[in-house]
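Work through the exercises below with the sequence and the coordinates at hand. Each task is followed by its solution.

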Amino acid sequence: MKHISILIPRGQSSLVNIEGSLQILSEVNAIRAARGEEPLFNIQLVGLSPNTSQRNGRFTINPDALISEVHQTDLIIIPSLQGDQQRATEMNLEFIPWILEQRRQGAEIACLCIGAFFLAATGLLNNRPCTTHWQLAGQFTRMYPEAKMVPSQLITDEDGLYTSGGAFAYLNLLVYLIEKYAGREMAIDIAKGFLIDIDRKSQSPFIIFEGQKTHDDPEIRMAQEFIEENYPEKITIDFLANKFSIGRRNFERRFQKSTNNTVNEYVQRVKVEAAKRRLETTRKNISEVMYEVGYTDTQSFREIFKRLTGLTPVEYRNKYNETAIA
């Protein structure tokens, strides 16, 4: 039987992550019991104190055990810690030596959504791929540059360290873990029972590109704004460098450092975001949208769109626009 520890952090945590994990993993045991099989999981809520207040006192969780009482576990589940991530980490520092000791003994660790921030604070994500909610991927990278953030991924699995994308993507990670521990048939049963879209791999279709402007380079910010206001036009690196009186090589270096994108990548993302909006809200065909956002080559537009969203333009329109016509 695998021992699973669902952490109950101090402060404000995702109650959905905690209760959802408990409910879904417990359902695995219930299904096995109905088949006359032994339970697979011993699930405990594990905290730092007997009564853990959540959501500014609206809820109180009573853990099954404190970390001092759990000497060995097989899987640690870290829910989202809400609010200021630095503060949330400071409030829960007592977990970190215990997590590291459990890891040393062979425990696997799964963090849900922005729980990745807390796992990164342990140092265990250094030089490892990870994901989190796409809206906070930039902040994560600034706080933990040693980790390899891949915000397009829905799930990452690296040597028993698991991360998941935003919000309810934690459901996909639970199904993924259930398949690993209990087999494909059980994973399918759970996915069907809880109406979870099994085998979803990417959160790219959900990402809204808003530009990365939380940096301290005013010229680069102005260049970003110029791109966003003139994206249908052909915008080159040389043009931007000349416009803002910066040498090309220096401009490229500063732009990538500030935005985590090359200039060409940034232009592509702005164009694709504009195309997504049109596909969501208008009845224009793909060619009309393509020309409006500044592309003239259908194959190139389709390839770039799919690379950034995980869907073809037609698939995206059909998914998000109820009034779309072929």
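**Exercise 1.** In which helix is the place of Tyr266? Determine also whether Tyr266 is buried or exposed.

Solution. The model is a predicted one.
Step 1: Tyr266 belongs to helix H11, which covers residues 263-281.
Step 2: The relative accessibility of Tyr266 is 0%, and the cut-off for buried is under 20%, so Tyr266 counts as buried.
Step 3: Leaving out residues up to four places away in sequence, the residues that Tyr266 touches include Phe209, Gln224, Ile227, Phe255 and Thr259.
Step 4: Ile246 is 20 residues from Tyr266 along the chain, and their C-alpha atoms are separated by 18 Å.

**Exercise 2.** Check the length of H11 against the span expected at 1.5 Å a residue, then find which helices its buried residues pack against.

Solution.
Step 1: H11 has 19 residues, and the expected span is 1.5 Å times one less than that number, hence 27 Å.
Step 2: The end C-alpha atoms of H11 are 28 Å apart, which agrees with the expected span.
Step 3: The buried residues of H11 include Val263, Tyr266, Val267, Val270 and Ala274.
Step 4: Residues three or four places apart in an α-helix point the same way, because there are 3.6 residues a turn.
Step 5: The packing partners of the buried residues of H11 are helices H8 (218-229), H9 (237-243), H10 (248-259), H12 (286-292), H13 (298-309) and H14 (313-320).

**Exercise 3.** Give the strand order of the open sheet of seven strands and explain why E5 and E10 each have one side without a neighbour in the sheet.

Solution.
Step 1: The order is E5-E2-E1-E6-E7-E11-E10, and the pairing is mixed.
Step 2: E5 (65-66) and E10 (155-158) are at the edges with a single partner strand each, so one side of each has no neighbour in the sheet.
Step 3: Inside the sheet, E6 (residues 75-78) and E7 (residues 108-111) run parallel and are joined by four bridges. Ile78 has Cys111 in E7 as its bridge partner.
Step 4: Helix H1 (residues 15-34) lies across E1, E2 and E6, at about 160° to E2. Helix H6 (residues 170-182) lies across E1, E2, E6, E7, E10 and E11, at about 150° to E11.

**Exercise 4.** Which residues have the most contacts inside the largest nonpolar core?

Solution.
Step 1: This core has 34 residues, and those with the most contacts inside it are Phe41, Ile77, Ile178 and Ile190.
Step 2: At least two core residues come from each of E1, H1, E2, E6, H6 and helix H7 (184-193).
Step 3: H6 gives the largest share, eight residues.
Step 4: Beyond its neighbours within four places in sequence, Ile77 has contacts that include Ile4, Ile6, Leu25, Ala110 and Leu174.

Note on methods:
Residues numbered from 1 in each chain as written. Predicted model: local features only at pLDDT ≥ 70, side-chain atom pairs only at ≥ 80, totals over all residues. Heavy atoms only, no water. Pairing = 2+ DSSP bridges. Contact = heavy atoms within 4.5 Å. Axes fitted to C-alpha atoms, helices over the stretch in contact; angles between N-to-C directions. Buried < 20%, exposed > 50% of the residue type's maximum accessible area, 1.4 Å probe, protein only. Core = buried A, V, L, I, M, F, W, Y, C linked by side-chain atoms within 4.5 Å.
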